[in-house]
Amino acid sequence: MSETPRSWETGGDTSAGLPQRRTGHAFAHTPHRSDSRSPQTPRGVRQPGPGGRPGTIPPVPGRPAILLVAALCGLLLSLATWQVLAVGPLLAPDHALSRALVRTVPDSVTERLSDLGNIPVAVPVLALAMAYAAWRGRRRAALAAGLAMALVPALVVPLKLWTARPGPLEPWAAGYYPSGHTATAFVAYAGAALLVRPYTRRPWPAAAALALTGATGAGLVLRGWHWPLDVLASVLLCTPLLLVVRRMATADPDRRQGRGI
């Protein structure tokens, strides 16, 4: 039989060419991510939401970011320490600010604020948060917070002995730089907030930690028990410790997830 030639009207039709790949049912429902990551995230890597439900992966500061912030804090702390040892020009505004603030608030108020940095007040808050984190299976994060608190006196006491800075109201005394109360409050309250942060989406733990640490530092300066630079030095000293705690608290998985807890 002879073949019937195709008409000129259908000469441009491409249906007779090679079969085209068609988007079927399976391709239409394949998820795609805008960040080029795999659509499936391992369960152990995900950050649980409230009540232990699977959540999303939060942004965790990587090692370069932690090292950069730690280096910046170390540089600023070294500058402040050098000024204290050499009685440099940075101490003039520090003294002026202290003279303008000391005893402007009743001592009964500032002493209560300063007491927030006492060990019997601040450390039990961190201990409770550590116990809760360990009970939820985040033992490495709890251990990191405990080690951070243990490092506070190991770092503060040698600096106090080395600098031997006198106090605003006690020029005959020494050992005021940096502030041990501020360091204790910062690590205790901020460390506790970092440990409970994975279990709440509300910002109140971080806000409470900053408020308590700020109240402690303000009370110490207003009462005349520390110079403003003493408080700032303690914040710079403890920030790298808390960055490590934050990384551990975020990366350590909740081992009680999926057990009805």
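## Helix α5 and the nonpolar core

Leaving aside neighbours within four places in sequence, Q83 is in contact with G88, P89, L90 and L91. This is a predicted model. Q83 is found in helix α2. Is Q83 buried or exposed? Its relative accessibility is 4%, so Q83 counts as buried, given that the cut-off for buried is under 20%.

Helix α2 spans residues 63-86 and also supplies at least two residues to the largest nonpolar core. That core has 42 residues. Which of them have the most contacts inside it? They are L126, Y177 and L195. Besides α2, the helices α5, α6, α7, α8 and α9 each supply at least two residues. α7 gives the most, with 11 residues. In general, nonpolar side chains tend to be buried together in soluble globular proteins.

L195 shows what such contacts look like. Not counting neighbours within four places in sequence, L195 is in contact with A129, M130, A133, A141, A142, A145 and A249, and also with L126.

Now take α5, which runs from 119 to 135. It has 17 residues. From its first C-alpha to its last, α5 reaches 23 Å. That is close to the 24 Å expected at 1.5 Å a residue.

Which residues of α5 are buried? A122, L126, A129 and A133 are. Why do they lie on the same side of α5? They cover an arc of only 60 degrees around the axis, and this puts them on the same side. The buried residues of α5 pack against α6 and α7. On the other side of α5, I119, P120 and L128 are exposed. Just after α5 comes G137, with a positive phi of about 100 degrees.

V123 also has its place in helix α5. Its relative accessible area is 26%, so V123 is partly exposed. This class lies between the cut-offs of 20% and 50%. V123 touches M149, T184 and A188, leaving out residues up to four places away in sequence. V123 and M149 are 26 residues apart in sequence. In space, their C-alpha atoms are 8.2 Å apart.

The table sets out the accessibility of the two residues described one by one.

| Residue | Helix | Relative accessibility | Class |
|---|---|---|---|
| Q83 | α2 | 4% | buried |
| V123 | α5 | 26% | partly exposed |

Notes. Residues numbered from 1 in each chain as written. Predicted model: local features only at pLDDT ≥ 70, side-chain atom pairs only at ≥ 80, totals over all residues. Heavy atoms only, no water. Core = buried A, V, L, I, M, F, W, Y, C linked by side-chain atoms within 4.5 Å. Buried < 20%, exposed > 50% of the residue type's maximum accessible area, 1.4 Å probe, protein only. Contact = heavy atoms within 4.5 Å. Expected span 1.5 Å × (residues − 1). Arc of directions from axis to C-beta.
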